[in-house]
Amino acid sequence: MSFKDTTTRLSHTTVALHWIIAIGFMAMLAFGLYLEAMPRSPEKGVLMGMHKSVGLIILGLAALRILWRLANGMPQPVGRDGKGARIVAGAVHILLLIGTVMMPVSGIMMAMASGTGLSIFGWELVAATRGTEGFVANEVLAGRASAMHGLGGWVMIGAIVLHVAAAIKHHSVSRDGTLRRMMGRSVGA
């Protein structure tokens, strides 16, 4: 079992955090788009609760991943891409790491500012303050957090598309072992 990333192999922790967060985050983006298109209803409220719950779990995992990156450093590239490509790749990686924190944080800000409260699968973390009269705790903050969450989702979709395209390029064109390493295998194997 490897605990440190190397140029030929990534640790099990790195691989597990990457794929769990990647799959969860992409599912949440798709789920968020689905929810956005839904009319207001009790069913949408239940689904929003699920969306918030999974978002909070992703936030915890993303925080763990960032701590892991700070302790372990960013993985060194396997390929021999030019300086420009390395800069873009680094920027996209940083954007993805930040986005996996900022999307849940903006969701939390929306929930808190709108007074809907916060819970994880029914376990209440922050009680709702919205009364039957539809009181919004901080309408301006709720609106800004909503805008940040919506725009952030589209930015993240773009970053994910670039990231996936680069992975395909590394695997199919460069054939440098980058994707193989991200699957937990050795580059030379």
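What share of the contacts in the protein with a separation of 6 or more comes from residues 24 or more positions apart? In this predicted model, such residues account for 69% of those contacts. Let's walk through the elements and see which parts of the chain meet.

The protein has five helices and two strands, and from the N terminus on they are arranged α-α-α-β-β-α-α. Along the principal axes, the C-alpha atoms fill a box of roughly 65 × 30 × 25 Å. Of the 189 residues, 31% are buried. The protein exposes about 11300 Å², and 70% of that area is supplied by carbon and sulfur atoms.

Start with helix 1. Its 26 residues should span 38 Å at 1.5 Å a residue, and because its end C-alpha atoms are 38 Å apart, the model agrees with that expectation. Its buried residues are Thr14, Val15, Leu17, His18, Ile21, Ala22, Gly24, Phe25, Met28, Leu29 and Leu35. If you look at the numbering of that list, a general point about helices is useful: an α-helix has 3.6 residues a turn, so residues three or four places apart point the same way. The buried residues of helix 1 pack against helix 2, helix 3, helix 4 and helix 5.

Two residues of helix 1 deserve a look of their own. His18, in the helix that covers residues 12-37, has a relative accessible area of 10%, so His18 counts as buried, the cut-off being under 20%. Leaving out residues up to four places away in sequence, His18 touches Arg65, His163 and Met182. Phe25, with neighbours within four places likewise set aside, is in contact with Ile58, Gly99, Thr100, Met103, Met156 and Ile160.

Phe25 also belongs to the largest nonpolar core, whose 10 residues are Phe25, Met28, Leu29, Ile58, Val92, Leu96, Met103, Met156, Ala159 and Ile160. Helix 1, helix 3 and helix 4 are the elements that give two or more residues to this core.

Next comes helix 2, residues 42-72. Its 31 residues should span 45 Å, and its end C-alpha atoms are 45 Å apart, so expectation and model agree here too. Just after helix 2, Gly73 takes a positive phi of about 80 degrees.

Now turn to the outside. Where does the surface show a nonpolar patch? Look for Met74, Ile94, Ile98, Met102 and Met148, which together have about 400 Å² of accessible area. Helix 3, residues 83-114, gives the most to this patch, with three residues. Met102 lies in helix 3, and because its relative accessible area is 34%, between the 20% and 50% cut-offs, Met102 is classed as partly exposed.

Helix 4, residues 139-174, should span 52 Å with its 36 residues; its end C-alpha atoms are 50 Å apart, so this helix agrees with the expected span. Its buried residues include Ala142, Ala145, His149, Gly152, Gly153, Met156, Ala159, Ile160 and His170. Among what covers them are helix 1, helix 2, helix 3 and helix 5, the last at residues 178-182. Helix 4 is followed by Arg175, which has a positive phi near 50 degrees.

To return to the opening question, contacts between residues 24 or more positions apart make up that 69%, and the core built from residues such as Phe25, Val92 and Met156 is a good place to view parts of the chain coming together.

Key. Residues numbered from 1 in each chain as written. Predicted model: local features only at pLDDT ≥ 70, side-chain atom pairs only at ≥ 80, totals over all residues. Heavy atoms only, no water. Helix = DSSP H or I, 4+ residues; strand = E, 2+ residues; numbered from the N terminus. Buried < 20%, exposed > 50% of the residue type's maximum accessible area, 1.4 Å probe, protein only. Contact = heavy atoms within 4.5 Å. Expected span 1.5 Å × (residues − 1). Patch = residues over 30% accessible without salt bridge, like charges linked within 9 Å, V, L, I, M, F, W, Y side chains within 5 Å. Areas by Shrake-Rupley, 256 points an atom, 1.4 Å probe, with all protein chains shown as cover. Salt bridge = Lys/Arg side-chain N within 4 Å of Asp/Glu carboxyl O. Core = buried A, V, L, I, M, F, W, Y, C linked by side-chain atoms within 4.5 Å.
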